[in-house]
Amino acid sequence: MPITQYIQQLASSPALLITTLLTLGVIFVNGWTDAPNAIATCVSTRSMRPRAAILMAALFDFLGVFVMTMINNKVAVTVFNMVDFTVTGTENAVGDATIALCAAMFAIVTWAVLAWAFGIPTSESHALIAGISGAAIALHSSFEGINGSEWIKVIYGLVLSTILGFAMGFVIVKIVELLFKKVRLAKTTKIFKVGQIGGAAAMAFMHGAQDGQKFMGVFLLGVMLSGGKMGGASENFVIPIWLMLLCSAVMAFGTSVGGYKIIKSVGMDMVKLRTYQGFSADIAAASCLLISSLTGIPVSTTHTKTTAIMGVGAAKRLSAVNWSIVKEMVMTWVLTFPGCGLISFCMVKLFLLIF
């Protein structure tokens, strides 16, 4: 859709305007709460100052959303096809579907802000999936709105980000230790301080690549519904460049706001890292995210980064990991699907009654 046509539709459709604002709000919150995970290790090892690291993350978040979507948009396709808002037997099917999507976005923002307030690195990806799934279930009053063949990729993502993130963190740090075994500590510290800047940039880039596409998939779903189109799964949609730039800019702005509490939880409290360990965690997590993006599997960047850090810490010794912080994070992940999904379900029912 050309931007001029979109602006015209925006002016004539209050539903599209509300959907757009809420979706952009979720993208902003994602940059605000999720992106700090990308630079947590870089800050914790003092390779970069917090403010400089946050600004760098904002830049590479922008590039990640834009460049990766130009190359491969499989994650956006997966999210777009995950739920079906098609309803039959109602007088205002399109309007109800749009209201349901708005309610889902409102629920996701509510969940994310509450988690941020407590400094817990919640998964915006899981919240997004839970939110739109809860909305589809509420709209249909059944599980008919869930596309099982696409939703199963979420399960694949949970397994991939957990097992592969941990394993790659463990293996990469062992390889680094082997390669630099005979090099003086002072020299390796200088090398990996520079390496960590590159690793943090790669993590920020892949965060944008993964999470930016998820929200663009939802954005296009809102445009479709507001345009009066109802239908099932499709791979024949094109993400316009103006939408890539818009989502990139909003996520980058959210990232620039910062999130020092989350940086502290992930990079400082969970594991005490040296520069080479932080570098290993960044490379492991970024590699895992790249594999997921190229295969169209939506994964949590938070989940991937934290399990990579756990793998690095466990390679030293199990006691090097602060398992109480890990337990807190796991509880957050476990609660996100039912918690955000239930909020979204209730919001849809409430919004449909009101509007």
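1. Let's start with the second largest pocket and the helix that does most for it. α14 gives the most to the lining of this pocket, supplying 5 residues. Keep in mind that this is a predicted model. If you want to find α14 in the chain, look at residues 323–354.

2. Which other helix should you click on? Along with α14, α7 (124–140) supplies at least two residues of the lining of the second largest pocket.

3. Now for the lining itself. Walking along the sequence, you meet Ala130, Ser133, Gly134, Ile137, Phe143, Ile146 and Trp151, then Phe337, Pro338, Gly341, Leu342 and Phe345. Try colouring them by class: 9 are nonpolar, 3 are polar and none are charged.

4. How much space lies in the second largest pocket? The answer is about 180 Å³. As background, rolling a probe the size of a water molecule over the atoms shows where empty space is left.

5. Stepping back to the whole fold, what is the protein chain built from? Its secondary structure comes to 14 helices and 0 strands, so to speak an α run from the N terminus on, with α repeated through the whole order of elements.

6. Next, burial and contacts. The protein chain has 355 residues, and 58% of them count as buried. Among contacts with a separation of 6 or more, 89% join residues 24 or more positions apart.

7. Last, the outside. The protein chain has an accessible surface of about 14500 Å², and carbon and sulfur atoms account for 71% of that surface.

Terms used: Residues are numbered from 1 along each chain as its sequence is written. This is a predicted model: local features need pLDDT of at least 70, side-chain atom pairs count only at pLDDT 80 or more; totals for chains, interfaces and linings use all residues. Side-chain values use heavy atoms; hydrogens and water are left out. Helices (H or I, at least four residues) and strands (E, at least two) are DSSP runs, numbered from the N terminus. Buried means under 20% relative accessible area, exposed over 50%, partly exposed in between (1.4 Å probe, protein chains only). Contact means heavy atoms within 4.5 Å. Accessible areas come from the Shrake-Rupley method with a 1.4 Å probe; for residues, only the protein chains shown count as cover. On a 1 Å grid over the protein atoms alone, a cavity is a set of points where a 1.4 Å probe fits but cannot get out, and a pocket is an open set with protein on both sides within 12 Å along at least five of seven lines; lining residues have an atom within 4 Å of a point. Grid points are joined across faces, edges and corners, and a volume is the space filled by probe spheres set on the points. Ala, Val, Leu, Ile, Met, Phe, Trp, Tyr, Cys and Pro count as nonpolar, Asp, Glu, Lys and Arg as charged, and the others, Gly among them, as polar.
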